[in-house]
Every structure is written in structure tokens, then in C-alpha cells.
Amino acid sequence: MPTILILNGPNLNMLGTREPEIYGTETLQDIEALCRDEAGKYGMDVDFRQTNAEAELISWVQQGRDTSDGLIINGAGYTHTSVALMDALMAYGRPVVEVHLSNIYKREPFRHHSYISPAAQGIICGFGAKGYALALQAITRLV
Ligand code: DQA
């Protein structure tokens, strides 16, 4: 059974109460349940994680080379700042799908650039929690 590593960056542990008008009312636990449900439909397993620490996120991408078949990532704030995260994703060597709850291109200009995109097969943004289900649907064809 293919395993999909789903990584969530800083402040996503606050979902549900964090700017719900932008990010919706689902909690990260709700999103994890949604992902497990969706992955089950495609016969895939998920390894779902969140961290506020850039170093931990990078270590998880590195370890994922041995433990996963594809990766879905919401890099949150590090999307727009982290060359190191991009480098780790470039070296991952398996399919990567980038997800954002909000449409980053409709927001402040500093959110329009993503260091993750060059390492990703595709991007899904602007569909809230449903974007994670769409990302799983997309990655099942790639792994
Ligand atoms: C986000 C968008 C980022 O710009 C922001 O820093 C986040 C969440 C999203 O899911 O819409 O923390 O990745």
C-alpha cells in the first residue's frame, strides 16, 4: 500500500480558530480525518504531521525518501521564505503536490511567490480543506 506523507507547516495547528474567514473552520484534526478517508478510497495510507519548526519539516522531508511514496505539503509561512525547504523537496525524488487552503495569488504580494512550487508536480490552492482531498486524488495517479 503506497504511503503518502502529508506535511503541514507553522500555525496550521491553530486551524479552526486561526483567521477562520481565510482558512475555514475545520481543525487540523478534521483535515487529517478527511485525508485518511480520502486516501482509503485509493488504497493509500497517510503519514500526517504538523510542525512549527523549519528544521523538523526539512528532516521529515529527508526521512520521507525512505518511508513514503509521495508527499503533499502545506508549507504555510515557510512556503514564501524557505530555500532550504525547497532544496529538501528537490532531493525528495518522488511526486510532490503543494497545497494551500487559501488562494495565495489573491492575497498579499509576498504570498505570490512559493519556494515549494519549483519542486512540486502541481499546486492546489483556494479550496480550503477540500484541497487536501484534491491533492490526494492527484497524487494517486503519480505514485
Ligand atoms: C497557507 C497560506 C500561507 O501564505 C500562510 O502563511 C499559511 C497558510 C494556506 O494554507 O492558505 O500559513 O499555506
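With which residue does Glu38 form a salt bridge, and how far apart are the closest N and O atoms? In this predicted model, the partner of Glu38 is Lys41, and the closest N and O atoms of the pair are separated by 3.0 Å. Both residues belong to helix H2, which spans residues 28-41, and they are three residues apart, about one turn of the helix. An α-helix has 3.6 residues a turn, so residues three or four places apart point the same way. The two partners differ in accessibility: Glu38 is buried, its relative accessible area of 10% falling under the 20% limit, whereas Lys41, at 60%, is exposed because its value is over 50%.

The pair in H2 is one of five salt bridges found in a search of the whole structure. Side chains of opposite charge can pair when their charged atoms come close. A further salt bridge joins Asp47 to Arg49, with an N to O distance of 3.0 Å. Here Arg49 is partly exposed at 26% relative accessibility, and Asp47 is likewise partly exposed at 22%. Glu108 and Arg111 also meet through their side chains in a salt bridge, at 2.8 Å from N to O. Within this pair, Arg111 is buried, with a relative accessible area of 17%, while Glu108 is partly exposed at 33%. Arg107, Glu108 and Arg111 are joined into one network by salt bridges that share partners.

Arg111 appears again at the largest pocket, which holds about 170 Å³ of space. The lining of this pocket comprises 16 residues, and those closest to its centre are Tyr23, Ala76, Gly77, His80 and Arg111. By class, the lining consists of seven nonpolar, six polar and three charged residues. Ala76, in the loop between E3 and H4, has a positive phi of about 50° although it is not a glycine. This residue is buried, with a relative accessible area of 13%. A positive phi, of about 35°, is also found at Glu19, again not a glycine. Glu19 lies in the loop between E1 and helix H1 (20-23) and is partly exposed, at 36% relative accessible area.

Attention then turns to the packing of the helices. Helix H3 comprises 14 residues, 54-67, and reaches 20 Å from its first C-alpha to its last, close to the 20 Å expected at 1.5 Å a residue. Its buried residues are Leu57, Ile58, Trp60, Val61 and Gly64. These residues of H3 pack against strands E1 (3-8), E2 (45-50) and E3 (70-74), and against helix H4 (83-92). Ser59, also located in H3, is partly exposed, because its relative accessibility of 29% lies between the 20% and 50% limits. The C-alpha atom of Ser59 is 9.4 Å from that of Leu85, and the two residues are 26 residues apart along the chain.

In helix H5 (residues 130-140), the buried residues are Gly131, Tyr132, Ala133, Ala135, Leu136 and Ile139. The buried residues of H5 pack against strands E1, E2 and E3, helix H2, and strands E4 (96-100) and E5 (122-125). Strands E1, E2 and E3 thus contact buried residues of both H3 and H5.

Definitions and conventions: Residues are numbered from 1 along each chain as its sequence is written. This is a predicted model: local features need pLDDT of at least 70, side-chain atom pairs count only at pLDDT 80 or more; totals for chains, interfaces and linings use all residues. Side-chain values use heavy atoms; hydrogens and water are left out. A salt bridge is a side-chain nitrogen of Lys or Arg within 4 Å of a carboxyl oxygen of Asp or Glu. Helices (H or I, at least four residues) and strands (E, at least two) are DSSP runs, numbered from the N terminus. Buried means under 20% relative accessible area, exposed over 50%, partly exposed in between (1.4 Å probe, protein chains only). On a 1 Å grid over the protein atoms alone, a cavity is a set of points where a 1.4 Å probe fits but cannot get out, and a pocket is an open set with protein on both sides within 12 Å along at least five of seven lines; lining residues have an atom within 4 Å of a point. Grid points are joined across faces, edges and corners, and a volume is the space filled by probe spheres set on the points. Ala, Val, Leu, Ile, Met, Phe, Trp, Tyr, Cys and Pro count as nonpolar, Asp, Glu, Lys and Arg as charged, and the others, Gly among them, as polar. The expected span of a helix is 1.5 Å times one less than its number of residues. Contact means heavy atoms within 4.5 Å.
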